[in-house]
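Grab a coffee and work through these exercises with the model open beside you. Try each task before you read its solution.

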Amino acid sequence: MEKTKEILKDLCSAVSVSGHEHASANALAEKYGGYFDNAYVDKFGNCVFVKKSELENAPRLLVDAHFDEVGMLVSSIEEDGFLHISGVGGLDTRIFPAAEVTVYGKKEIYGVIASTPPHLQSEKSSKATPKMDNIIIDTGYTKEELSALVRVGDPVRLKGDFKELANGYVLSRALDDKACVCAALISLMNSDKSKLAYDIYLTVSAQEETGRCGASFVATDIKPDLAVIIDVNFARCENVTEFESIECGGGAGIDISALTNRRFTKAIMKIAEQNGIEYQTICEPDSTGTNNELVMISGTGVRTAVMSIPLMAMHTTSEAVCIKDVESLADILRAIYVTKGL
Amino acid sequence: MKELLKELCSAFGPSGCVDSVRDIIVKNLSELNPTTDPLGAVTVRIANEGAPKLMISAHMDEVGLMATGITSDGCVKFGCVGGIDPLVLSSKRVVSENGVSGAILSKPIHLQSADERKARTEIKDMYIFIGARNKEEAKELVSVGDYFAFDSEYVEFGNGFIKAKALDDRLGCAVMCTLAKNLVKVKDKIPYDLYFSFTDREELGFSGAFAAAERIKPDYAIVIESTAVADICGVAPKSRVAALGKGGAISFADRATIYDRDYMRFVTDILERENIKYQIKQYVSGGNDASHIQRSACGAKVLAISAPSRYIHSPSDVVSYSDVVSIYDAVYAVITNKDLPFEQAKEKI
Amino acid sequence: MISVLKKLVNATGISGREAQVRDLIKEEIAPYVDGVETDAMGNLIAHKKGNGKKLLFAAHTDSIGFFVTFIEKNGAIRVSPVGDIDFLAFSYSEVVSENGVKGVIISEKDGEIPKADSVYIDIGAKSEKQAKSKVRVGDFFVPVPKMTKLLSNEYAGHSFDGKVGCAILIEAIKQIKETKNDLYFVFTAQQEVYSRGARVAAYSVRPDVAVAVDTTDAKDKSSVSDGNAVLGEGVSIKIKTSRMIYSPEVVEKLREISTRHSIKYQCEVANSGTEGDAKALQNGAMGCLVGAISVPCANIHTSSEIIDMKDAEETLKLVLKIAEEYEI
């Protein structure tokens, strides 16, 4: 549990706004590469860890979790040291007023997102969710000072530091999808190669939040026989029905969809049951909203399954997961790795 | 072909769950060595090494529903698999992959408020009733993730009309099976390396046709489909699209594909010469697997020929059988025509 | 470049029916390239051999227009739009068919915002028979081609979107002397309908880096304006549009090259806007690096688009320097 939290905290601190994952992907490959046969970062920013089976002609299994997070880019530098930004990925703009940000220019710059003072609020505007075009960031610098430190296009992230809560819950920004990257890493890094039934390619992919293309390209390159895509899913809470969510603390989610391979999915459920690992199911008939669809139709077609970790408050600075669920997902993955004939 | 069409329409096959349909096709074409790919597509090849590749394509899947949850009252909440207009669902009969019958219900109008009655009922306010009174009883019959299809009988009516579920695109499959079996008898007359591809998940937009085309890498492709028309009472002539009974409808463009004009002309010239009935769609609407095949690999010249269909994506899809026959005749004529389509020349300086 | 652009503007073509524009381009570039071919989608792919990795430039040959879908009994011609068309912007415009038949687009319902099913083209036919003698279902109509010089190097015209990029690439092909890379110039088909051509072209070429050259939405002189780029501020290097992040590595190199050669440029980070051919090129090449450089253009997809020819010239300069110096 402690080691899992440590790795998760480390992952959450890495700067990986969609499209700008390279530097962090390289650092990731360096830090964890020693546990695998091979680790590399492709030109697209996908980080791939490879651990091969000792069996001859072992089938290829791809496990994908995306590394990128939603964020922003600087779109213009205004008078009095304010910045306009443009959103990358689907941001929840309700969280913006009075939030803190970090601008990654020549150095890290602290900023605050302006909120509308009461005397300037109209009846209409106070009831509407903030629009991206109206967001301004206050850095406290002058325009000249700022222009020397920051350029149009520099990435910006909201501050949402990693924090431990009671009962094994953690809060952070970017648990989508770093909680799954964590599960994938811990499932494989210490695995005994002699037991593996597959050559395993763990893809920590880029740009899921902006078009899901990173995983598509890396899957086309690797040409796996099977793929398991892991991403976060909605956790049960107020106003979210039981039919569109899974419970935090209830174990990993296994997705049922017309867009995954049914036989493979059922086999995974059986594996979890046989190994006494708790899991939940969630049904998403015609859209998983993950890298699954593009991996499925990549190349000449791939048999896929989707698994998930329940996550609260998706795309905010206070996303929450239960560490127990991260470890349950890792347990199921470990059991899949040693099961032949899937 | 009609018997096969009836058998295919009656089979259970929403996107992602087409085993029953596949079994019929594989059995029907067993002598032609059908192969299956990772996404469940079936391919039959009438080989002619070195000749230009022609891919004939239809999809096995139909629109359907999937159980997303079971309420404490024993009702089954569902989501759609493929595009279904909520307006066609009220009170329709459905059947699950395990043969459990049910009906799609929602709050009776007597109990609705005046405002509720004005708006259409959304899927989230509907449920499938299977005769269970509580969650435990329901769970014995249905599990989350079970598929449901329309429970709709195949009926011949009027002047050669057919009503059934899944005419989109089992009629394409029926035409293709019949073509394959008849063409193999005259394979020496065929100037193409011919592939018949039956795919899954066309109704979901992540069609198996893309992966199939990537594997086959066709030069040409003909997609046999259904197309929604409105040749019914009260619709202005400009909005009717095409008419039942006037032959297969060929599109110059739809929402997903702009068809190559030279290839279209090549095909329509053959049909004119052979006196085979066809029509040109008089609207830009719909989309099909031609889009995926056209843009796969290095590109292919594609054509779509579709049976005009009323009430598409409902339990009561209606076509004219004569159009299905016209389509068979048309594709047969194109395949056996000894002249190849105009080839774009590669110029080197 | 102005005369090439004028020739292109006068050639009529819409998505899927680009033959006239394509033939014109082929004629212009054939003596200057090592190979040119047309693929199944109608993309024109030209190759200028070089050592080194594959660098691809793309501009699109198609423009927006209308397909004829139905001919009424009274000779009115019903149409379906090709590409993103604002019918208000074309109300009462003069149009011409691929066969030179002249007409006018009329809105049926006065006072309401026109949509595809409430407009028709009037070619002066008094009956269905007369109309059918000149026009068939499946023919296309475009706004009458025009290009007008305004003050300060600005030009107004129709179908600059796409054709400006083609003119720039044609000139680049003629002017390139030496290159670090193996160069491909692709004149793509069907960009206006979700970039259907680009993917296929990139699949066959498999470039290492692709750069799309097109127009981008610019601010006009009204106080409320969409668009991020500014006319006269030079070539626009795209960093982000609503759904596309251009490869940061490519963006960085484009900025460097522009600074080194004093090419006037601006950067675009936008909440809205489409990704043009860039994303399709990237997908088709199975994940190459991709960038986009654009000529700012106001009033895109109306009958009077406006560009500043100086911006086009800066864009051409950048294309030439990229070809000569970009290290992959």
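Domain bounds here come from an automatic or database domain assignment. This is a predicted model: local features need pLDDT of at least 70, side-chain atom pairs count only at pLDDT 80 or more, and totals for chains, interfaces and linings use all residues. Residues are numbered from 1 along each chain as its sequence is written, while chains are lettered from A and ligands numbered from 1 in the order in which they are written.

**Exercise 1. Work out how the domains of chain B sit relative to each other.**

Step one: get the bounds. The assignment splits chain B into domain 1 (2-62 + 165-336) and domain 2 (64-150).

Step two: take the C-alpha centres, which are 32 Å apart for domain 1 and domain 2 of chain B.

Step three: list the contacts (two residues whose C-beta atoms, placed from the backbone, lie within 7 Å). Domain 1 of chain B puts in 12 residues and domain 2 of chain B 12 residues.

Step four: sort by class. Ala, Val, Leu, Ile, Met, Phe, Trp, Tyr, Cys and Pro count as nonpolar, Asp, Glu, Lys and Arg as charged, and the others, Gly among them, as polar. On the domain 1 side of chain B that gives 5 nonpolar, 4 polar and 3 charged residues.

**Exercise 2. Check the overall dimensions of chain B, and how far to trust its coordinates.**

Start with the extent: the C-alpha trace of chain B spans about 75 × 45 × 45 Å along its principal axes.

Next, the radius of gyration, taken over C-alpha atoms; the globule rule is 2.2 Å times the number of residues to the power 0.38. For 349 residues the rule puts a compact globule near 20 Å, so the 21 Å of chain B agrees.

Then confidence. pLDDT is the predictor's confidence in each residue, from 0 to 100. Chain B averages 92, and 98% of the residues score at least 70. Residues 344-349 of chain B are below 50, with 8 contacts in the model beyond near neighbours in sequence. Where pLDDT is low, the predicted coordinates should not be read in detail.

**Exercise 3. Which elements of chain B give two or more residues to the side that touches chain A?**

First, the tally: 25 residues of chain B are in contact with 18 residues of chain A. Now map them onto helices (H or I, at least four residues) and strands (E, at least two), which are DSSP runs numbered from the N terminus. The elements that qualify are strand E4 (64-70), strand E5 (76-81) and helix H6 (208-216) of chain B. H6(B) supplies the largest share, 5 residues. By class, the chain B side divides into 12 nonpolar, 8 polar and 5 charged.

**Exercise 4. Why is helix H6 of chain A largely enclosed?**

Call a residue buried if 20 or more other C-beta atoms lie within 10 Å of its own, exposed if 12 or fewer, and partly exposed in between; C-beta atoms are placed from the backbone. In H6(A) (residues 213-222), 8 of the 10 residues are buried, so the helix is largely enclosed by the rest of the structure. Among them are Phe217(A), Val218(A) and Ile222(A).

What do they pack against? The partners of the buried residues include strand E2 (47-51) and strand E13 (226-234) of chain A, and also helix H8 (278-284) of chain C.

Last step: look just after H6(A), where Lys223(A) takes a positive phi of about 55°.
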